[in-house]
Amino acid sequence: MSHTIDRLQNLCESCHRPLLAGYDLAGLRATGAFTLDKVRQRTERSLWRFHDVLPVNGVREAVSLGEGLTPLLPAERRGPFAAFENLFIKDESFNPTGSFKARGMTAAITRAAALGVKAVALPSAGNAAGAATYYANRAGMECFLFMPQDTPPANIIESVVGGARVFLVNGLISDCGKLVKRGCAEFGWFDLSTLKEPFRLEGKKTMGYELACDFAELDRTSEPRLPDVVIYPAGGGTGLVGMWKAFQEMETLGWIGAQRPRMVLVQAENCAPIVRAFQAGTRHAELFPNASTVAAGLRVPAAVGDFLMLDAVRNSGGTALTITDAELLEGVRELARHQGIYACPEGGAVWKAAQKLVASGWLKPHERTVLFNTGAGLKYNHLFPTGNLPVLDHHDPDCLRAVTFAG
Ligand SMILES: *Cc1c(COP(=O)(O)O)cnc(C)c1O
């Protein structure tokens, strides 16, 4: 069922499932204004370079903090990374507020602002909170946040500093979501919950367009190019579903053919509703009981877009797998030490997933593979206690003896 863009929208009024934005892509293709070469010549230093396929009437309407256009870094072939011949890291930690949630929020807040919204609300167990706070501030809106008590301190602090109205909840993100729903009905806030709002997905889909531009640049061609495999840490799935939608749009626009990257979905062992559904062969996922993981972005026990994620993974010839918390923390250390990237735990998870997939033969070392580091490690300092470091007494001429002991 179609819905108008001129009014605020959440889920479909008829089936209560996510709404996907549509554009006149055939018309856009006919104008010749939105080709890879034309996009490259644009000067916007943000994802609004792709404004033709975003929910704005012109780029000047955008509520932007310079998000997107993140680097695609080739992995150094060192240590455990040596086995990979064509591994790349799309480093989303460069985004405002330190995660790719900025991509979604810039689009959602832009549309909400254009429609006169004064207050937004959302549940968040991590980075969505900070992104919503700062984009709402940029637009002059109030922001109401409902966060599980065990949300990483950095995520809570940045929202409090930003002046959002922060409420901690003794439950999971799904419990927070229910309070948001009630609050929106009672107080008239606009619900920004992921996939219950149509445009966060539109912002995150720009990762798909950027990959096409990044690989074209790598190959010094003006033809959009995509990798063989994309490995993605999935919570609500907005980014995965968004990229899948972008690939479809790009085909309609004549940018690419029918070929697609195989999409790999990674979750934490103790919160893996989508991986379970993938393995069980079902189209929807069941609520994952007693969900827990240190990777806050993956702590989503039930997702409204479950079937969209599963469709994308299956139709791409992809797969889905889990990583333990111990493994993903090791992954963070390995990315830090061998690649110079302080990744979020979710980034650590996708790297460990790549290793497992090569070990099983599913992924060939020569295949062009993209790992998404979805956020900055600095927000997760609490997961890496340093222990007692040696303190040197600089008055003691012999104090450098300690260097021997510290290695
Ligand atoms: C939110 C988040 C995710 C999950 O993203 P979805 O698109 O909702 O699946 C992964 N990593 C980090 C760091 C996040 O903040």
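In the predicted model, a nitrogen atom of the ligand lies 2.7 Å from an N or O atom in the side chain of Thr-374. The protein covers 97% of the 390 Å² of accessible area that the ligand has on its own. The space taken by the ligand is the largest pocket. Two elements give two or more residues to the shell around the ligand, namely strand 7 (229-233) and helix 8 (238-252).

Further polar contacts to the ligand involve the backbone. An oxygen atom of the ligand is found 3.2 Å from a backbone N or O atom of Gly-236. For Thr-238, a polar backbone atom is 3.1 Å from an oxygen atom of the ligand. Thr-374 thus meets a ligand nitrogen through its side chain, whereas Gly-236 and Thr-238 each meet a ligand oxygen through backbone atoms.

The shell around the ligand holds 17 residues, of which Lys-101, Tyr-232, Gly-235, Gly-237 and Thr-374 come nearest. By residue class, the shell consists of six nonpolar, eight polar and three charged residues. Thr-374 is therefore both one of the nearest residues and a side-chain partner of the ligand, under the 3.5 Å cut-off for a polar contact.

Salt bridges were also counted across the model, and the total comes to 24. One of them joins the side chains of Lys-379 and Glu-158, with an N to O distance of 2.6 Å. This pair links distant parts of the chain, the two residues being 221 residues apart. Lys-379 belongs to the loop between strand 10 (369-373) and helix 13 (401-406), while Glu-158 lies in helix 5 (residues 153-161).

Methods
Residues numbered from 1 in each chain as written. Predicted model: local features only at pLDDT ≥ 70, side-chain atom pairs only at ≥ 80, totals over all residues. Heavy atoms only, no water. Near = heavy atom within 4 Å. Polar contact = N/O pair within 3.5 Å; in protein donor to acceptor, adjacent residues only side chain to side chain. Areas by Shrake-Rupley, 256 points an atom, 1.4 Å probe, with all protein chains shown as cover. 1 Å grid on protein atoms, 1.4 Å probe; cavity = no way out; pocket = protein on both sides within 12 Å on 5 of 7 lines; lining within 4 Å. Sits in = over half its atoms within 2 Å of the grid points. Helix = DSSP H or I, 4+ residues; strand = E, 2+ residues; numbered from the N terminus. Nonpolar A, V, L, I, M, F, W, Y, C, P; charged D, E, K, R; others polar. Salt bridge = Lys/Arg side-chain N within 4 Å of Asp/Glu carboxyl O.
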